[in-house]
Amino acid sequence: MSIVYLEKNLEWEDRIADNIAYIPLAGKSVVSNFRSPDSYVFIFFEKCQGMHSIDFVTYKESDHQIHISFPGQIHSWKTESATGHKLIISKKFVEMNLFDTRFSSQYLNHHPVVSLSVDQSEKLSNEFNIVSREIGDEKIPRKIISLRIQLIINLINHMMEEKGRSEQAKTKIHPVVSHFYSLIEDCFPISKSVSFYAEKLAVTPNYLNVLVKSEIGQTAKDVIDARVVLEAKRMMLGTTRSIKQISFDLGFESISFFSAYIFRKTGFYPRKFREKGNEK
């Protein structure tokens, strides 16, 4: 099987029609501000050196890692060398077959990079090697390939849960705060008001602020604004939509309100932010 370098076929990935695609990885790559396709992407690095930015947070690429991309995220990477595997899985496939994992749409991508033990890495490598041999074999029924992919994703999910159990006591979050995060995902283009979310949660705005502040060290308004700014950055660097269209998509009454909002949060006006991002 021929080796596909990391930067190759990005346009094809964005137009993926099948529910599942597999690509073996090797080599080096440099890419800036690539918007993830409307699919889930799982990259398993057996060996790797480099840096990977996911939604403007930079992670070190290392051996025995999984890098997980949810639909629409913005990625930049400078990979000096790598060997591994890439899976691209449609949202439809995830929602139909993997709805009970942490990769369904009801969850956020809080852990985009997962470090594995050597034993975990070897187990995952064995499963990927089977897929790499069988996915191009027309004699193998697609149902078998589908089940193998489900096994891999459930295995990754289990490894993440195993890792999380040891930290569960430290990271357990109040159910109101958890519901607040879910509501933001559904409603941030509609409302950026704390009172809007407090009403839906059947609590007072003050109580919601106190609760969120005690749980994560930020006010409820800070959390709402951070989600709006993240989506604005994604759209400015990952799409060709005009600034005016982006402002309307995010629920702003006018481009001037949007520009002032982004300037307050980032120190740059939208057009300047887009220009600086495209210079990289």
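**Close-up 1. Lys192 and the backbone oxygens around its side chain.** In this predicted model, the backbone oxygen of Leu250 sits 2.7 Å from a polar atom of the Lys192 side chain. That side chain also gets to the backbone oxygen of Phe188, this time at 3.2 Å. Lys192 itself belongs to the loop between helix 6 (175-187) and helix 7 (194-201). Here's the curious part: Lys192 is buried but has no salt bridge. Asp225 is the nearest side chain of opposite charge, and it is 7.8 Å away. A salt bridge needs a side-chain nitrogen of Lys or Arg within 4 Å of a carboxyl oxygen of Asp or Glu. If you skip the neighbours within four places in sequence, Lys192 is in contact with Lys221, Ile224, Val228, Leu250, Gly251 and Phe252.

**Close-up 2. A network of salt bridges that takes in Asp55 and Arg234.** Searching the whole structure turns up 10 salt bridges. Five residues are linked in a network of them: Asp55, Glu185, Arg227, Glu231 and Arg234. Start with Asp55 and Arg234, whose side chains meet at 2.5 Å, N to O. This pair ties together distant parts of the chain, with Asp55 in the loop between strand 2 and strand 3 and Arg234 in helix 9 (residues 220-238), 179 residues apart. Both ends are tucked away: Asp55 is buried with a relative accessible area of 11%, and Arg234 is buried too, at 9%.

**Close-up 3. Glu231 and its two arginine partners in helix 9.** Stay with the network and look at Glu231, which forms a salt bridge with Arg227, their closest N and O atoms being 3.0 Å apart. Both residues lie in helix 9, four residues apart, about one turn of the helix. Glu231 also meets Arg234 in a salt bridge, at 3.3 Å from N to O. Arg234 and Glu231 are three residues apart in helix 9, so about one helical turn separates them. As for exposure, Glu231 and Arg227 are both buried, and Arg234 is buried along with Glu231.

**Close-up 4. Strand 2 and the strands it pairs with.** Strand 2 covers residues 39-54 and is mostly covered itself, with 12 of its 16 residues buried. Which strand does strand 2 meet through 15 bridges? That would be strand 5 (residues 74-90), and the two run antiparallel. To find your way along this pairing, look for Tyr40, which stands opposite Ile89 in strand 5. Strand 4 (residues 65-69) is joined to strand 2 by five bridges, again antiparallel. Here Phe44 stands opposite Ile66. Strand 3 (residues 57-61) is joined to strand 2 by five bridges as well, and these strands also run antiparallel. His52 has Tyr59 of strand 3 as its bridge partner. Two residues lie between the strands in the hairpin of strand 2 and strand 3, where Asp55 takes a positive phi near 50°.

**Close-up 5. Ser29 and its link to Trp77.** Ser29 has its place in strand 1 (residues 20-35). Is Ser29 buried or exposed? Ser29 is buried, with a relative accessible area of 3%. Its side chain and that of Trp77 are joined by a polar contact of 2.8 Å.

**Close-up 6. Aromatic rings around Phe196 and Tyr197.** The whole structure holds 11 aromatic pairs. One of them is Phe196 with Tyr197, an edge-to-face pair at 5.1 Å centre to centre, with 80° between the planes. The two residues are not equally covered: Phe196 is partly exposed, with a relative accessible area of 23%, whereas Tyr197 is buried at 0%. Widen the view a little and ring pairs link Phe180, Tyr181, Phe196 and Tyr197 into a cluster.

**Close-up 7. Val203 in the loop between helix 7 and helix 8.** Val203 is found in the loop between helix 7 and helix 8 (205-216). Setting aside residues up to four places away in sequence, Val203 touches Ala198 and Leu208. Its C-alpha atom is 9.1 Å from that of Val176, although the two residues are 27 apart along the chain.

**Overview. The whole protein, for orientation.** Zoom out and you'll find 12 helices and six strands. Of the 280 residues, 46% are buried. Among contacts with a separation of 6 or more, 68% come from residues 24 or more positions apart.

How values were computed. Residues are numbered from 1 along each chain as its sequence is written. This is a predicted model: local features need pLDDT of at least 70, side-chain atom pairs count only at pLDDT 80 or more; totals for chains, interfaces and linings use all residues. Side-chain values use heavy atoms; hydrogens and water are left out. Buried means under 20% relative accessible area, exposed over 50%, partly exposed in between (1.4 Å probe, protein chains only). Lys and Arg count as positive and Asp and Glu as negative; His and the chain ends are not counted. A polar contact is a pair of N or O atoms within 3.5 Å; within protein, one must be able to donate a hydrogen and the other to accept it, and residues adjacent in sequence count only if both atoms are side-chain atoms. Contact means heavy atoms within 4.5 Å. Two strands pair if DSSP finds at least two bridges between them. Rings of Phe, Tyr and Trp (its six-membered ring) pair if their centres lie within 6.5 Å; planes under 30 degrees apart count as stacked, over 60 as edge-to-face and the rest as tilted.
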